[in-house]
Structure formats: C-alpha cells, structure tokens
Amino acid sequence: MTQPHRLATGGHVDRATRLSFSFDGRRYEGHAGDTLASALLANGVRLVGRSFKYHRPRGIFSAGVEEPNALVELREGARREPNTRATVAELFDGLSATSQNRRGSLAFDWMAVNGLLSPWLGAGFYYKTFMWPAAFWERVYEPMIRKAAGLGRASRLPDPDHYDAAHAHCDVLVVGAGAAGLAAARAAGATGARVILMEQDFMLGGDLLNEPGLEAWRRETVAALAAMPEVTLMPRSTVFGFYDQGVLGAVERLADHLAEPPPHTPRQRYWTIRAKEVVLATGAHERLIAFPGNDRPGVMLAGAARTYARRYGVRAGETAALFATHDGAYDAAFAIAEAGARIAAIIDPRSDSAAMQRAREAGFSVKAGSVVSGTMGGNALRGIAIGAQGSGARGDAVPVDLLMVAGGWNPAVHLASMSGAALAWDEALHTFVPGTPVQRERSAGACRGVNGIGAAAADGAAAGRDAAIAAGFAAGPDNTLPDTLAADHCSYPVWEVKGRGKAFVDLQDDVTTNDIRLAHREGFSHIEHAKRYTTHAMGTDQGKTGGIVGAAVLAEARGEPVAKVGLPRFRPYTAPIAWGAMAGQEVGKHFQPVRRTSLHAVHDAAGAVWMDAGIWKRPAYYPKREDADAWASVLREARAVRQRVGICDVSTLGKIAVEGPDAATFLDRVYANTFSTLPVGRARYGLMLREDGIVFDDGTTSRIGPERFFVTTTTAQAGPVMQHLEFHLASAWPDLDVSLASVTDQWAAVAIAGPKAREVVAGMVEGIDLSNDAFPFMAVADCIAAGVPARLFRISFSGELAYEVAMPAGHAAHVWRAAMQVGATHGIEPYGMEALGLLRIEKGHVAGSELNGQTTAHDLGLGRMLKKKGDFIGRVLAQRPGMTDPSRPRLVGLRSVDPRRQIRAGAHLLVDGRDQGWITSATQSVVDPGWIGLGMLREGEARIGSTILAANPLMGEEVPVRVVSPHGYDPENRLVRA
Amino acid sequence: MSAPEATHPLAAVATPGLRGAAGVAPLRVSLPVRETVQVMVRRGREEAFAAAMEASFGMAPPAPGHTLAGGAVTAIWIQPGGFMLTGAGPGLAERAALAFVGLAAVEDQSHGRTTITVSGPAARAVLARGCRLDLHTRAFGPGRAAMTQIAHIGCLLHQVDDAPSFELTVFSTLAEPFFHWLVEAGSGDGVVIA
C-alpha cells in the first residue's frame, strides 16, 4: 500500500492524479497538489536531512518557505539544484530528490560523530581552532570544513534552461494571497485600480487552504479577482525585495513545477515592479521553542502539522503531542485528531484558557503550567519529557512520534523592514511588527500581528481600499468577508526551556542557546555581531522560525528586554532566488549588446579574426593561408600600408555633428586648441581635456560650413564625449546656440592609406581635384564615391599619405568593394586593429593606452597645443604644480636593444634599478624590424639615447631597451603631405 | 557607377518567417522602409520653426512625449527643441533642410537609425520584458513617444495604433542585438517577421 499516511478525503490534493517521484533512489507516489514534503510525509518518510554542522538527523519542520531542515537536491544532471526546500517544491511526475550533507546513508551518517565533539564545535570554533599555521587555511582547513559542513552540491554543468526578466506597473501591489491579501486585492480591484496580486505558493489562499468551511469564500473571491480586467493574479511569484521609490523585485517560477520547461518558456522570470501603493499581506511564520532536543525528526511546527492534515490530507504522526503557548494553536490538535492521530498530551505553560477548556471537553489530556523539557529518540522522535513550567525538572516521559510546537507568531515583516519602516515591539504579541511606513506601503493581517482569518480579511479589505484611494481611486463596493470566531493568538512567552541537551535557536545553522550565550560572553553582544559570530538566522531560512528566539536568549544574557536587543537588519532576499533568474537573458555572448559596423559582413567574408573594442567587434587582422602565425598577418598588413596601400574600417570612431551660430565658440571652449580659425573645408587635430586638466580625448574636427562642424572622437570615448558636450551646453553655457547630433551610426568610414592611396581614391571618387595643391593634407570635401554621396578627408593615423572616406552606413559595403576593386592593381590589402596599432606606434601617435586618464597634454608631448588666449575646459586645473611638474613621466619611444627580444605593454621601466615609468604600447616594427613601443618615462626627453631595462616580473623578463624619440617614422611629416 | 540600394542592417537576420512558438496571437514584426531626419531648433526660433513645419509638412511640432503625423511624415518629439521626422523617402532630409534654413539644424539619420515595428496583442507584454516604461492604455497610447532603454539599448519608442503597434527606433549598429532580444522575448507567443 502506498501513501499509508494519506487521508481518504479532504484537502487540496487531486487523488485521481498519481505522480511518481523518488527520494534517495527509492520510488514513491504522491498527488497533484502535493509538495515534495507532503508527499514524503504521506509515504511515512520522516528523516529527510542531516544538519549543517553536527550532522544530526532532521525531519520536515514546517510547511513553507521557513523550512530549516528539509533541504534537498532537486533533479539530476545539469538541472540539479541544491538546497531546495522540500516544503515548497511542487511535486511533478518523475521528480527526483536526494538528501544532502551526509556521508554514508541518511540513516547512518558517520559525520554524526561531530555531535560527540560538540563541546569543541561551538560558535566561533573555526576562528579559534583553524588559526595556525596560517598557510593551512586555504589548502587544508577550508576544504576540510567545506567538505564536513556545507549543504548540497550545485550542478557544475551549464544551466540548460533560460530565464527572462520583465517590468510591471500597477496602482496597488498586494504581496501575499492569504485572507488579508485576497480581501485587499478585491477591495482595491473594486475601485478600478490596476492591481497585481503576487503569491509565492502555487495556490492562492494561504491559511484559507486549511479551512474547508471557508473554501466557498476563497473560490468566489479568486474567481471575482480573475474576472477583473485590471487585476493580475500571479501565483508562484515570490516578492523578494522592497527597494526605494516603490520598486519591488520578484521572481515568478514559470516552469519549476514541471520536469523541464516547455519549448520557448523560461524557467523563471525576474520581475521589477513599480507600484504606486503596496499592501503587504505576507502573513506570519510560526515560532519554534528552544527546548533540549527540539530538532529531532518528528518535532514540527503546529501550524505545519495542521496544514499537512487539512490542505494535503496527510497525517504527520500517529501519536501526537501539542506544545502550545496560545489558543490559536489548538486547532492543530483538532486537525491532527480528525486526521486519525491520537493526541497523547497538550502541554501549555499557561494555567488555563478558553481553548484549553475546549480541548479538555474534547477529551484531550491538557497539561497546564507545563513545558516540553526534552525529547527521546534517534532518527525519529519516540517520546517527550513534560516538566512543570519554570521548575527546570525534566518530568514525566510520554511516548509520541509527533510533537507539534507553537511558540507564537513571527509576523513576516521582511518587506516592510526593507522598505525603510522601523520595527516596533508589540508587548501583547511578544513580537516585532512593522512601524510607521516610510514609503507608500501598509501591512495587513498576520504580518502586522492581526491574527485569525476573519480579522485578517477585514484588515486586508481596509488596507486594499485605502491603498487604492491613496493611488487616486474612489472606493468601490464592499465585499462579504469571512465571519469566523477569532482565537486568542497572544502567546505566553516561552523562548527557552533550559535543561540538559542541545536546544536549537537555528536548526539550519546548528546554533544553540548556548552558542548565543557564548557569543555574549565573548563580547559579541550586539544582535548583528551575535548573528555573524554564531551564524544565527543565516542560510536559506534566514531565521524565520527562530530568529527572534535567539534574540530573546541574547536579551536574557544581556539582562535587557528583547525589544532593546532587536532583530538583525532584514535585507533582500526574503527567500532564496536562483542566480539564473538574476542573470536573465544576459548570459554567454548576450552578456552585453554587441555593436557591429555596417562592414561586419564584409570583414567576415574576408576571414577577419575579431577582437572586442568595448562592445564593438572589430577585425584584429585578416589571416591568409601563407601566414605562419598572427604576427605574420599583422606585419604583412602593415607592410602593405607602408609600401603600397591598405584599407581599414574606422566606422567605430565617434562622430558628432555640431551646428549653430555659436558652434565655433563652443568648440573653442571644449577643446584645448582653437577651432574658430579653422577654414571651411579643413580638418584639425583637437585635444580635449577634462575639468581637472587631464587629457580626455582626441580626434579630428572638420569645418563643413561656417556654422557646421563634424567632430570625431576615439572609439572608446564616443559616448562620454557626447555626454560631456551635452552637459556643458545644457549647464554651463545655455546661452550658446549650438545643437549636437550623434551621427556615429549614420556615417561609416574607411581609411585608405599608403603611397598608392591617391591612385585608389582617384579611381573611385568623383567631384574632387585630388592634386596636392587642390586637396592638401587636412582637406575635407563632399564628393561622390563609387556613385554614393560621401565625404572625403585627407587625414592620416598611420603616418602615410592617407584619406578617409565617410559614407552613409548602408552604402559602406559597396564603397569598400569598389575600393578593393580599384586597389587590386595597386596591391591593396585590408588591415585590422593590430596593424593599425603597429603603424601608429611606429609613427608615435597616442591612443587609448596613452590617453589613460592619468596623462596631461605636456606628458604626451602635446603641451604646445594648449592655446594661450581664451579659456577652455581644463585650462585652470592643468596649471596646478603637480600637473606641470617637469619630473612627470613623459611620452618616449622605446626600442628593444636585441631586436628579437619582445617587450610588452605594462612592463616597468627601470633606470639603475629604480622604477621610472612603464610601457604603454608595444609592437614590432616593419620599417626597422624589431620590437618597439611607446612608454611614459620620468625625465623622458633627457633620457633619449640611453639604454634602460623593461622589467615584467609576471613573465620573468628584463629586456634592455633604448629610449628614442616617439616620432621615429617620418618626423618631418613629408609622407602625409606628399 | 550609380548609387546602389542601401544594405539594411538587419537584412541577414530578419528573414521572413515564424520564430519561436506557433502561438495563436504572435507578435508581428516588420521593418518599414523609412527615412529618418533629426531636426534641432535654433534658440529663439521656435515660432518661425512651427510655422515652417506647418507650411512644409502640414503639422505643428509635437508636444513633449508625443508624435504628430502630417500626411506621409510623422514627427516625434525626442528632446527639448528636438524632433525626429520619419517617412517614406526619398529626399526627406533635403526637404527638411530646405524648409528649416536658419531655423533648425537638420541631420539625416536614415542610415544611422533602424526602425522595427512590432504589432499585436502580445506587443505590450513582450516589450515589458526589456522596457521599463508603463505602456498600459491608461499611461500611454497612440501618438505617445519616449526615449528610453530597451534591453540595455537606447531606443526611441512610439505607439502607432491600438492594435497595439509600436515603432522602435535604435542605433543601426545595435539593431542586431536588439532584434535578437526582441525575438527571444517574443518567442513564447511566437514572432512572425514580415
């Protein structure tokens, strides 16, 4: 017979649907509507895990997210997920789960020997014991501890599922779909407001699912909400954080209840919610009581035992006892009795109450003024000891296999606390409730200490209506609310029952009452310190059941009230969230957008090897079959430019159209050199400084018309320069009549460089006299290139005779092909970033490695560009003594003394053993074969001609280099003007 | 040599057909052939500009966050004193430059911007997977426009009709990752590319 503990009727499981699953390799059967935990209990499986540190046997403790014990590895292979709470894992056919943190079998874990060593394994044990020798920590101690402690194993395979993100907006967000949340959503929805109701469970109803008498109201309410067009119901959605400005985060589990997601369905979706008003109806978690042996399998929260009986139709034990501290807990005894269990005893520290009397009338044995003082059993509970409250005596033993514990309610204040609201101590409930809201939020129901379904529903309805009104809506019609007799949920505060044996305040992290006292004795008396010293209230459950109990034990040790000790600060996440959901679509090559020039396909067809330049893809080089290696390709491309002609895609440079009557004035202010004197039809190299005088960017700017300029920036700084210009135009000089437009994407551009460049350009461009007199170096003109309207610039980065052709991006491939066709007779070759870099290093042009955010114009040998007359950004601060210090490192050229010995960017420059600078860029020369570079060197000009050392300790290299002028190639610029 | 047809930035990837699930109400995606012209009004010339707009394109400049359509050309507000004119070509940039001499800077962005139209009942939900704007009928609607980021990519979004249809205009060099995101985001409902 399967499922021996399943009731014949009742609850929200579909007994007609049988689901097969396995736990630790054994096959079981459950039903649709089960969680893994309820299905295990139905099959009589009580031992589900081993504890974190002592490897003590543990059973299912709760029926929800607060579960500290029943953490399992769910699924297998790439989908294996550790630390999954069996109490919220929705059962599906074929589910496979494995227990965690055991050596050997679950029933006989030899690491349980740790329990015997426990006098030495208390709080702070690691810090005190594994101190010496320090070198052992990383290689010996930490791996050993990680092996012994720790929880499940993550799959090391790539996640086969995909994840998604989405944004939601609403007038009222209701978090939690218990009685309060359903009533709130309905009241808010009735006003016509846009409402989102999020519930982490796969069923809406919360505690209503344990109330057969209120099932009609639940169904009617859910149906009414589903019919409201502006109400969105989202089960399986955990709101994990409440951030500033009404922003909340949530994860919706779209496919966790399936063996694997259907095609085109993400496993989970990460929601960012912007809500005008928020109603928190997150309920409460039941509180444990710290008595010796309170962790034995068979000890369970009373509300959980009731949920297993009423919602899942599962009898969690055959002979049960209830340890109650308030009247609200007594329904658990009736529920488990109705499920067929025998009630051996009800233990209550109070002398008498209405519920105690009803229990006596029902024939239950009620032990007033008593507490549970200990438990017996091994892998399962066999009995409990009942002692008189406050006596410290162990008392009589009673055989039971289920102990239901009701220490009171811990309102789920996490989201309210994250929203900024302080927590307030409630003297009647002996717990913390949300204080005055800071944001537009309100708590309703059990999460603010309003217990009982009827009271919570009324509280929720009022909160929902208030929230909608606050969002600007008129109140709608009232709805019928469930009418129930409210039991008194004010608990008698029993935090701890002192006695021999371990009494846990945190089951998941194996933190005992004695650990808390030890933390206090050793000076970790602040709640935040005690938390970190003991690991109390950490892990997947974050102390939802016992956090406040630990605080109370600490309070007693400090001799202060719990209200003064407080709780550790709540931070996101309220419940564990998968990393996959946070990453969303941005994984692998989609980590960030990839930017492609309009010539991407052309380069691909030419076999380009790609490199990343920021988010751009740019060709590094174009290998040919005969090239021995990458350097052979790069040197071949560079030689083509120096000896014949090459073509290069320079579309990634930033391009900004600057236009208006004040455009020249504006450029004079943002550039360190002058542009107002630039004639129409000419380009000029410009240097831009930051406010602090450091070089920001460089590039050529052309005057297209009296009031029109075409500014180019480096690839890397295109965005920042645009921001810089917009910022100053908007803030510093709103009087200037200038407009800016980013035309980076409108214009593609190719550089055609080399002694034969003019012939190639002449063969494809119409409308321009290309003679040196008519179109000299730095000339600019509109033209027709290969039949396409284009703009021709005579500018050079390589040091050769060179042109850049800019054309509307959609025509770039056509122009490139035309250039290749015309250039074929001249031996044209495409060249990539590596050759481009080589050529500019040979020529001594600075680029990103030199414009590194630390260098001044003077450092780069560009000091003479700074205009003497007129102000410009960076002028004043560039004159600070530290910026003009003559001993600052200056740009120099470097050449390896032995041409075969490689020098590398990043190497330090040593003069007589002293660090005097570094290499910024390095390459091989094609003009004078050997390794060359640029560097920043103190007293650089004075050291030209000397030999120093380039040291790269990471590579174990020390290479003698000669300091030379950075402008080694054609220093008179004859070639570019040829 | 004569000017050839321009290559569309999405020519290689946006081939017609269905992507993702064969849903009952798939997202419809098309690539309208457009000219796009950025217009930035000179300081103090707003009234003269409005008159020129009326005379040449038959409409007033749209209010912030809005679009206006005059015949075959739609004007979209993009920034204070800044508009994007879109319409079927050819020659929209030249028309605008002539119309606004001395009144506004005119930059042809036809190649620099790529417009994707998405349409159908799934459009709002699909866009919500990357767009943080509230596109609900109470907050947005036909004739509304916004500059925003979708899937980390700058995007000019405006609603065309109640289908609902939206036009999404992005930098051309980022059109391909944007398109990839759109197809992924819509795959659950299915994406039909015209």
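Me: At what angle do helix α7 (residues 302–310) and helix α8 (residues 330–338) of chain A pack, and how far apart are their axes?

Reply: In this predicted model, α7(A) and α8(A) pack at an angle of about 35°, and their axes are 8 Å apart. These two values are given together because two packed helices are described by the angle between their axes and the distance between the axes. The crossing of α7(A) and α8(A) is left-handed.

Me: Which residues make the contact between α7(A) and α8(A)?

Reply: From α7(A), the contact involves A:Ala302, A:Gly303, A:Ala305, A:Arg306, A:Ala309 and A:Arg310. From α8(A), A:Asp331, A:Ala332, A:Ala335, A:Ile336 and A:Glu338 take part. What counts here is that C-beta atoms, placed from the backbone, lie within 7 Å. By class, the residues of this contact are 6 nonpolar, 1 polar and 4 charged. The polar class includes Gly.

Me: Why are α12(A) and α14(A) called oblique to each other?

Reply: Helix α12 (residues 513–521) and helix α14 (residues 547–558) of chain A pack at an angle of about 45°, their axes being 9 Å apart. An angle under 35 degrees would count as roughly parallel, and one of 65 to 115 as roughly perpendicular. The value of about 45° fits neither description, and α12(A) and α14(A) are therefore oblique to each other. Their crossing is right-handed.

Me: Which residues of α12(A) and α14(A) meet?

Reply: A:Thr513, A:Ile516, A:Arg517 and A:His520 of α12(A) meet A:Gly550, A:Val553, A:Leu554, A:Ala557 and A:Arg558 of α14(A). This contact has 4 nonpolar, 3 polar and 2 charged residues.

Me: What makes β19 and β21 of chain A edge strands?

Reply: The order β19-β20-β21 in chain A describes an open sheet of 3 strands with antiparallel pairing. β19 (370–377) and β21 (396–399) each have a single partner strand, so one side of each is left without a neighbour in the sheet. Neighbouring strands of this sheet are turned by 30° against each other on average, direction ignored.

Me: How do you know that strand β20 (residues 381–388) of chain A pairs with β21(A)?

Reply: Pairing requires at least two bridges between the strands. β20(A) and β21(A) share 4 bridges in the antiparallel sense, and they therefore count as a pair. One residue can serve as an illustration: A:Gly383 has A:Pro399 in β21(A) as its bridge partner.

Me: What makes β4 and β7 of chain B the edges of their sheet?

Reply: This open sheet has 5 strands in the order β4-β5-β6-β3-β7 of chain B, and its pairing is antiparallel. β4 (67–70) and β7 each have a single partner strand, so each has one side without a neighbour in the sheet. The average turn between neighbouring strands is 25°, direction ignored.

Me: How do you know that β3(B) and strand β6 (residues 82–87) of chain B are paired?

Reply: There are 6 bridges between β3(B) and β6(B), in the antiparallel sense. The requirement is at least two bridges, so the two strands count as paired. Within this pairing, B:Gln38 has B:Met84 in β6(B) as its bridge partner. Helix α2 (residues 92–99) of chain B packs on the sheet and touches β3, β5 (73–79), β6 and β7 of chain B. The direction of α2(B) makes about 20° with that of β3(B).

Me: How many residues of domain 1 and of domain 2 of chain B are in contact?

Reply: The domain assignment of chain B gives domain 1 as 17–32 + 111–193 and domain 2 as 40–108. Taken over C-alpha atoms, the centres of the two domains are 25 Å apart. 8 residues of domain 1 are in contact with 8 residues of domain 2. On the side of domain 1, β9 (145–150) and β10 (153–161) of chain B give two or more residues each. β9(B) gives the most, with 3 residues.

Me: Which element gives the largest share of the side of chain B that touches chain A?

Reply: 39 residues of chain B are in contact with 38 residues of chain A. On the side of chain B, the elements that give two or more residues are β3 (35–41), β7 (104–108) and α4 (175–186). The largest share, 4 residues, comes from α4(B). This side has 16 nonpolar, 13 polar and 10 charged residues.

Key. Residues are numbered from 1 along each chain as its sequence is written. Chains are lettered from A and ligands numbered from 1 in the order in which they are written. This is a predicted model: local features need pLDDT of at least 70, side-chain atom pairs count only at pLDDT 80 or more; totals for chains, interfaces and linings use all residues. Domain bounds come from an automatic or database domain assignment. Two residues are in contact if their C-beta atoms, placed from the backbone, lie within 7 Å. Axes are lines fitted to C-alpha atoms, for helices over the stretch in contact, and angles run from 0 to 180 degrees between N-to-C directions. A crossing is left-handed if the near helix is turned anticlockwise from the far one by less than a right angle, and right-handed if clockwise. Angles under 35 degrees count as roughly parallel, over 145 as roughly antiparallel, 65 to 115 as roughly perpendicular and the rest as oblique.
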